[in-house]
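Me: I am new to reading structures. Please take one part of this model and go through it closely with me.

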Amino acid sequence: MMTTLTIELAPDVYALLRAEARQRGQAEQELVAQFLAERLTGVQTPRPVVIAPEVQALLRQMTERDMLVPPQGTAADAVRHLEAWNAADGTDEDEEGEGTWEDVLRAIDANRAEYRKLFADRDTQP
């Protein structure tokens, strides 16, 4: 049995809700129900993939042959390339400087659009 809930939203919040629902192709009520269920249960519903109309048009024009890229080089070439990366790992700094795996996890959480963090057990500061 479903229960009806009526809430009042500020006009700017309602505009954001409408825009998000339109982008996801959902009714506003469905989106709010999904948000509440995710927030209260901690189980997230996967977002539908939305492909821009111009990309859809390009994909319709392509054939399977257009999308296949033949491999270049040999398996031995790939192994040598990976070994070179492995040997260089730790000796070169990234353009932005060295970072740790913990920094990567913190950055992922810091840039999430969702309220619930994936790595909440990590400190927010390095």
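The part I would like to follow is helix H1, together with the parts around it.

Reply: Keep in mind that this is a predicted model. We start with H1 itself, then move outward.

H1 covers residues 11-24. Does its length fit that of a helix, or not? Count 1.5 Å a residue, and the 14 residues of H1 should span 20 Å. The C-alpha atoms at its two ends are 20 Å apart, so the expected span and the modelled one agree.

Next, look at which residues are hidden. Leu17, Ala21 and Arg24 are buried in H1. Where do they sit around the helix? Look down the axis of H1: the buried residues fall within an arc of 65 degrees, so they line one face of the helix. Now turn to the other side of H1. There, Pro11, Asp12, Leu16 and Arg22 are exposed.

What covers the buried residues of H1? The cover includes H2. Helix H2 runs over residues 28-41. Between the two helices, pause at Gly25. This residue comes just after H1 and takes a positive phi of about 70 degrees.

Now pick out one residue of H1. Tyr14 is in this helix. Is Tyr14 buried, exposed or partly exposed? Its relative accessibility is 34%, and buried means under 20% while exposed means over 50%. Tyr14 therefore counts as partly exposed. Leave out residues up to four places away in sequence, and Tyr14 touches Leu9 and Glu28. Take Glu28 as an example of a contact across the chain. Tyr14 and Glu28 are 14 residues apart along the chain, and their C-alpha atoms are separated by 9.3 Å.

Cross over to H2 and find Gln34, which is in that helix. Gln34 has a relative accessible area of 12%, so this residue is buried. Which residues does Gln34 touch, again not counting those up to four places away in sequence? They are Arg24, Gln26 and Thr45. You have met Arg24 already, as one of the buried residues of H1.

H1 and H2 also share a pocket. They are the elements that give two or more residues to the lining of the largest pocket. About 580 Å³ of space lies in this pocket. Its lining has 17 residues, and the closest to the pocket centre are Ile7, Gln29, Val32, Ala33 and Leu36. Which helix gives the most to the lining? That is H2, with 6 residues. By type, the lining residues divide into 12 nonpolar, 4 polar and 1 charged.

Finally, set H1 beside another helix, H6, which covers residues 101-110. Here Leu105, Arg106 and Asp109 are buried. They cover an arc of only 100 degrees around the axis, so they are on the same side of H6. Follow the chain into the segment after H6 and you reach Leu118. At 44% relative accessibility, Leu118 counts as partly exposed. Leaving aside neighbours within four places in sequence, Leu118 is in contact with Ile108, Asp109 and Arg112. Asp109 is one of the buried residues of H6. Leu118 and Ile108 are 10 residues apart in sequence, and 8.2 Å apart in space from C-alpha to C-alpha.

To retrace the route, go back to H1. One face of the helix is lined by buried residues, and H2 is part of what covers them.

Methods: Residues numbered from 1 in each chain as written. Predicted model: local features only at pLDDT ≥ 70, side-chain atom pairs only at ≥ 80, totals over all residues. Heavy atoms only, no water. 1 Å grid on protein atoms, 1.4 Å probe; cavity = no way out; pocket = protein on both sides within 12 Å on 5 of 7 lines; lining within 4 Å. Points joined across faces, edges and corners; volume = space filled by probe spheres on them. Helix = DSSP H or I, 4+ residues; strand = E, 2+ residues; numbered from the N terminus. Nonpolar A, V, L, I, M, F, W, Y, C, P; charged D, E, K, R; others polar. Buried < 20%, exposed > 50% of the residue type's maximum accessible area, 1.4 Å probe, protein only. Contact = heavy atoms within 4.5 Å. Arc of directions from axis to C-beta. Expected span 1.5 Å × (residues − 1).
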